[in-house]
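I opened this model to look up a few residues and their surroundings. My notes follow in the order I took them.

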Amino acid sequence: MSTATATTSAAIAATTAELEARIRQAPRRFRVMTGDRPTGPLHLGHYFGTLHNRVRLQELGVDVFVIIADYQVLTDRDVADRLGEHMEGMLLDYLAVGIDPARSTVFNHSAVPALNQLMLPFLSLVSVAELNRNPTVKDEIAHSRQSAVSGLMFTYPVHQAADILFCKGNLVPVGQDQLPHLEVTRTVARRFNERYGAVFPEPEALLSDAPLLLGTDGTKMSKSRGNSIALGADADETARLIKGAKTDAERYITYDPENRPGVSSLVLLAALCLGREPHAVAEEVGGGGAAALKRTVTEAVNSRMAPIRARRAEYARDMGYVRSVLRAGNERANEIAMATLEEVRGVMGGAPQ
């Protein structure tokens, strides 16, 4: 690691620690906005990367908003395949991992028209050049499923700004790669406030130290690549998927993410499930090789996921309740979005509705 990189990492760690301290001291001053696109089943990468953190913040007393971003499914694909099925599966996963509808608000894009209306004035606050040089958008365009880039893809960061600012979210859990998107939101909020009057907070980034879990094929774990272990998978399917995971030819198991990514990702998964250090898990497996490692991972995952699977199955037996959670969340989100839109219209000089 270079000196500059080490200095930057230390600064980020210090900023994150200071923000975490403020959250613990006064959690009700914060409103978190986060969410997922319903493009497929949520998986273990989501669980350890974001879901458990949402529950943690909820338990601290932070007001958590979780958006099922159904409109944004179309940013990088031409049609929204199996949208209803994926949305209901996502709701089941949220409830199963511990998202509490009494303390967190779950809603979906298409049910909150006022949120999406905010995108229009927000687009006037950023230039085409600024959108064009957004590195996150460039990466998403490069991996898009579309033959041509749609306008929705191009304006994706501004739509996300509307997602965050409609409820005046002031805290957004993100990975390092998502910081450019959040900076667009901060820019939109700042310019709106300067032009029309103080309405929006400039949200802070709660940087995630989420571990990188690779898929069973050794590449990035993804809903669309068929290389993930879904939260809804049963014990037998989980065992099958782990058994087929990519490792390497070296028998002795070590934790070396740079040189042994496939093996190390499996070690990390076991460590996360067991609440242990990866190096300790690797040392324990040692000369047992890939077969022993996969047995350890399978047992650890199935043990960790057992209560979540049980809760998911219980909720799945009452889909009427599950759908009512989304209806209630949509109602709250609509009330807040309408109030924000009226405030925006007022400071912009719009006619009362």
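I take a strand here as a DSSP run of E with at least two residues, numbered from the N terminus. The model is a predicted one.

Entry 1, Arg-31. I looked up its place first and found Arg-31 in strand β1, which covers residues 31-36. Is Arg-31 buried, exposed or partly exposed? Its relative accessibility is 21%, and buried means under 20%, so Arg-31 counts as partly exposed.

I then listed its contacts, leaving out residues up to four places away in sequence. Arg-31 touches Asp-63 and Phe-65, the run Cys-167, Lys-168, Gly-169, Asn-170 and Leu-171, and also Arg-332 and Ile-336. Two of these partners came up again when I checked polar atoms. The Arg-31 side chain makes a polar contact with the side chain of Asp-63 at 3.0 Å. A polar atom of the Arg-31 side chain also lies 2.7 Å from the backbone oxygen of Cys-167. I noted one distance as well: Pro-203 is 172 residues from Arg-31 in sequence, yet their C-alpha atoms are 9.3 Å apart.

Entry 2, cysteines. I checked Cys-167 for accessibility and found it buried, with a relative accessible area of 1%. Cys-273 counts as buried too, at 10% relative accessibility. I looked for disulfides and the structure holds zero.

Entry 3, Ser-228. I located Ser-228 in the loop between β5 (204-207) and α11 (235-243). At 15% relative accessibility, Ser-228 counts as buried. Beyond residues up to four places away in sequence, Ser-228 touches His-43, Met-221, Ser-222 and Leu-241.

Note on methods. Residues are numbered from 1 along each chain as its sequence is written. This is a predicted model: local features need pLDDT of at least 70, side-chain atom pairs count only at pLDDT 80 or more; totals for chains, interfaces and linings use all residues. Side-chain values use heavy atoms; hydrogens and water are left out. Helices (H or I, at least four residues) and strands (E, at least two) are DSSP runs, numbered from the N terminus. Buried means under 20% relative accessible area, exposed over 50%, partly exposed in between (1.4 Å probe, protein chains only). Contact means heavy atoms within 4.5 Å. A polar contact is a pair of N or O atoms within 3.5 Å; within protein, one must be able to donate a hydrogen and the other to accept it, and residues adjacent in sequence count only if both atoms are side-chain atoms. A disulfide is a pair of cysteine sulfur atoms within 2.5 Å.
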